[in-house]
Amino acid sequence: MTETETKKTISFDDFKAEVLNDYKVAIVSRECSLLGRKEVLTGKAKFGIFGDGKEVPQLAMAKAFRNGDFRSGYYRDQTFMMAIGKLNIQQFFAGLYGHSDLEHDPMSAGRQMGGHFSTHSLDENGNWKSLTQQKNSSADISPTAGQMPRLLGLAQASKVFRNVSGIENKTDFSINGNEVAWGTIGNASTSEGLFFETINAAGVLQVPMIISVWDDEYGISVHARHQTTKENISEILKGFQRDEDNKGYEIIVVKGWDYPELISAYERASQIAREQHVPVLIHVHELTQPQGHSTSGSHERYKNADRLSWEAEYDCIAQMRKWMIENEMATAEDLDAIDSQAKKDVLEGKKAAWSAYTNPIKEERDELVSVLKTISEQSPNKVFIDKYINDLSGIKEPIRKELLIAARKVLRIIIKEAGKSTLSTWITAYTEKIQPKYSSHLFSQSDKNIYSVSEVLPEYAEGNEEVDGRVVIRDNFDALFAKYPSTLVFGEDCGHIGDVNQGLEGMQEKYGDFRVCDAGIREATILGQGIGMAMRGLRPIAEIQYLDYLLYAIQIMSDDLATLQYRTAGRQKAPLIIRTRGHRLEGIWHSGSPMGMIINAIRGIHVLVPRNMTKAAGFYNTLLETDEPALVVECLNGYRLKEKKPTNLGEFKTPIGVVETIKEGTDITLVSYGSTLRLVEQAAKELLEVGIDAEIIDVQSLLPFDINHDIVKSVAKTNRLLVIDEDVPGGASAYILQQILDEQNAYRYLDSKPETLTSKAHRPAYGTDGDYFSKPSAEDIYEKVYAIMHEVNPTEYPQLY
């Protein structure tokens with residue numbers, strides 16, 4: 001008899017005890033939902049969305065969940081989290097209240113609404129924990145089906161770990177690829193494109209992924225007949241069912257109220273996925289939602305009497321209770337006692353969570369009141385200050401916003417009084433103490449962040465010949481793949497042909513198709529693969545073939561990757577590198593430069609815009625020594641341009657957030673990045689012919705931007721500024737200008753109006769002429785600079801037009 005079989009052979013008494021414990025977990029979870037709704041309706045919490053009606057299938061899922069496994073779910077999974085021991089009553093309510101202390105709300109430190117769950121993959125210093133020694137949940141997001149692309153990557157990591165040797169610290173992240181990625185989603189959310197894209201990709205890749213569809217027939221108020229063809233997701237996915245001749249899915253359909261069948265279904269699914277690396281879809285139907293979708297409304301508005309009656313009878317806990325009594329697991333009295341105790345436990349946990357949440361704020365309020373009283377005693381405006389003191393003291397349950405509002409308004413009253421300094425100091429200190437609770441960890445705060453890596457210059461052999469830029473990037477990737485066994489790259493055309501520009505030529509043949517691989521035309525899940533694998537300790541490079549195609553993946557980048565460190569208060573990370581290329585290809589759909597949209601949508605991801613392949617290679621070298629995600633936009637027209645090939649491939653490093661002055665000058669500062677710099681350089685040469693000496697600065701990095709404030713130093717010398725950009729008017733150029741004027745205060749040195757030169761508002765028309773009339777040309781740059789200098793000295797520079 002095997003160890004597994006021994007574990008399965010338990011006595012009836014042991015089995016009964018296990019069932020009773022499951023029932024207790026389910027009842028506690030349900031009571032949390034019921035009381036949680038009341039807390040929202042009484043105003044203690046802002047919003048509530050709960051897992052009532054889904055308790056029993058989540059118990060079954062928890063039984064099949066093992067150490068090392070990952071969950072990628074949605075906001076109904078509180079019972080599961082309780083069943084695996086990662087969520088208790090007090091933590092549940094701390095999340096509902098938005099407690100900003102990670103010790104009380106370990107899911108997000110109050111940064112996400114309740115119902116969004118995670119575990120800690122990192123310690124307090126940002127170092128990896130041993131993920132194989134714990135049960136793991138990736139941090140949830142609210143956008144429906146947004147959890148699906150990441151789920152694909154979490155599952156694919158197991159396949160990589162099983163098939164790629166030499167990965168460092170492998171046992172902290174995987175034990176022979178035996179880990180399963182478990183996804184959960186509501187039936188209505190399967191209507192989203194991300195669901196279908198992920199389902200197809202997982203079927204192609206054959207990864208150990210189990211997706212549970214919680215089916216209660218509704219999407220908020222909209223019935224399944226408006227959501228899903230045939231009103232049945234497993235029915236329409238039958239074409240994905242594997243058979244003797246074709247790989248695909250195992251599809252299991254089970255009633256959500258049938259406790260023993262659910263346990264059987266989940267154990268079977270676990271075995272298939274874990275051992276065979278076959279994806280499994282479990283359609284859990286006939287579920288209920290006793291309190292409706294959320295606290296925003298009541299389900300009685302859209303469910304008829306027959307449906308409500310059926311839900312009362314087939315509530316999964318009611319059916320479990322009935323089964324337990326019929327099978328002599330417990331008497332009705334036994335279960336009533338469990339119910340009663342659960343109510344008491346939940347009420348006590350709620351009270352403890354509320355006290356823990358409010359007491360620190362009350363102490364902060366009392367501290368401020370004491371400060372204000374001292375000021376009031378010496379102020380001619382005592383009567384006005386005392387009103388604020390009385391109002392603050394009378395707030396039974398204050399929030400921090402109310403404290404700062406009162407303090408800042410009193411500061412206005414005493415602006416010319418002696419007490420101003422005391423209150424000003426208190427406000428500043430309080431803000432510095434409290435602000436990080438709501439703002440920290442947008443980027444890594446560990447010792448592996450981008451600022452921990454020093455610049456290393458490229459080295460060149462004497463008489464080094466120039467090569468195509470693609471050769472520099474290709475050979476640098478070769479060095480990186482040899483140096484970092486956990487690094488892999490994937491995307492459309494990456495594998496067999498070595499990408500469309502041959503920057504990966506020969507890499508698949510050398511390193512195998514698990515590390516250099518092709519992907520289908522599905523940008524969102526390419527990003528998802530990268531996010532999930534990076535969350536499990538691998539160093540993926542996800543390639544999006546062209547910058548314009550990034551729009552397919554921008555939602556995943558914005559809502560998931562960019563917010564991951566922030567929404568877990570630094571306890572999860574995904575140091576994914578996104579590789580793409582753009583600028584100056586001709587045609588509406590392949591020449592966009594939507595940098596303004598990108599940089600404003602993905603704060604939390606570094607955006608790097610190298611002007612050539614050596615700079616790009618240096619960025620990859622830098623990033624692989626850090627623990628932060630980044631987007632690298634290579635110059636599409638740079639792969640065939642000649643560059644000297646460094647001898648220290650894989651070692652030289654381009655600093656992130658540092659600009660480079662590529663031509664010094666005295667008359668005007670020209671700021672740009674990427675391919676446009678070549679036009680700027682051409683225009684600058686022509687301007688010299690008429691006596692205009694321009695300084696050219698390569699931004700290199702949009703996020704972060706010029707951390708050393710070198711641009712303002714240039715403006716202080718030239719007293720004039722022009723930003724040149726391929727984005728639309730008000731796009732990245734507006735961001736760059738804001739950074740220079742607001743952050744660096746360059747306005748103090750300007751003798752002329754700071755200006756921008758951008759593309760036209762439309763997409764570039766096809767052809768060379770379309771490019772010329774759509775984007776800044778060398779002539780445009782020349783004439784814009786000349787016009788600025790005409791204003792300075794109209795005699796020396798008479799008008800051109």
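The paragraphs below go through parts of a predicted model, taking a sheet, a residue in a helix, a longer stretch of helix and a buried strand in turn.

Begin with an open sheet of six strands, whose order is β2-β1-β3-β4-β8-β7 and whose pairing is parallel. Two strands stand at the edges, β2 (136–137) and β7 (250–255), and each has a single partner strand, so one side of each has no neighbour in the sheet. At the β7 edge, that strand runs parallel to β8 (residues 280–285), and six bridges join the two. One place to see this pairing is Glu250, whose bridge partner in β8 is Val280.

Next, look at Lys63, which lies in helix α3 (residues 55–64). Its side chain and that of Glu18 are joined by a polar contact of 2.5 Å. When neighbours within four places in sequence are left aside, Lys63 is in contact with Glu18 and Asp22, and also with Tyr259, Ile263 and Glu267.

Helix α16 covers residues 420–439, 20 residues in total. From first C-alpha to last it reaches 27 Å, close to the 28 Å expected at 1.5 Å a residue. The helix nevertheless bends by about 25° at Glu432, and a proline, Pro436, follows within four residues. Which residues of α16 are buried? They are Leu423, Trp426, Ile427, Tyr430 and Ile434. The spacing of such positions can be read against a general rule: an α-helix has 3.6 residues a turn, so residues three or four places apart point the same way. The elements that cover the buried residues of α16 include α13 (332–377) and α15 (400–413). After α16 comes His441, which has a positive phi, near 65°.

Further along the chain is strand β18 (residues 668–672), which is mostly covered, with five of its five residues buried. Ile668, Leu670 and Ser672 point one way from the strand, while Thr669 and Val671 point the other way. Strand β18 pairs with β19 (residues 694–698) in the parallel sense, over five bridges. Within this pair, Val671 has Ile697 of β19 as its bridge partner. To get from β18 to β19 the chain passes through helix α24 (residues 676–688), and this β-α-β crossover is right-handed. Strand β18 also pairs with β21 (residues 721–724), again in the parallel sense, over three bridges. Here Leu670 stands opposite Leu722 of β21.

Notes
Residues are numbered from 1 along each chain as its sequence is written. This is a predicted model: local features need pLDDT of at least 70, side-chain atom pairs count only at pLDDT 80 or more; totals for chains, interfaces and linings use all residues. Side-chain values use heavy atoms; hydrogens and water are left out. Buried means under 20% relative accessible area, exposed over 50%, partly exposed in between (1.4 Å probe, protein chains only). Two strands pair if DSSP finds at least two bridges between them. A crossover is right-handed if, with the strands pointing away from the viewer, the path from the first strand over the helix to the second runs clockwise. A polar contact is a pair of N or O atoms within 3.5 Å; within protein, one must be able to donate a hydrogen and the other to accept it, and residues adjacent in sequence count only if both atoms are side-chain atoms. Contact means heavy atoms within 4.5 Å. The expected span of a helix is 1.5 Å times one less than its number of residues. The bend at a residue is the angle between axes fitted to the seven residues ending there and the seven starting there.
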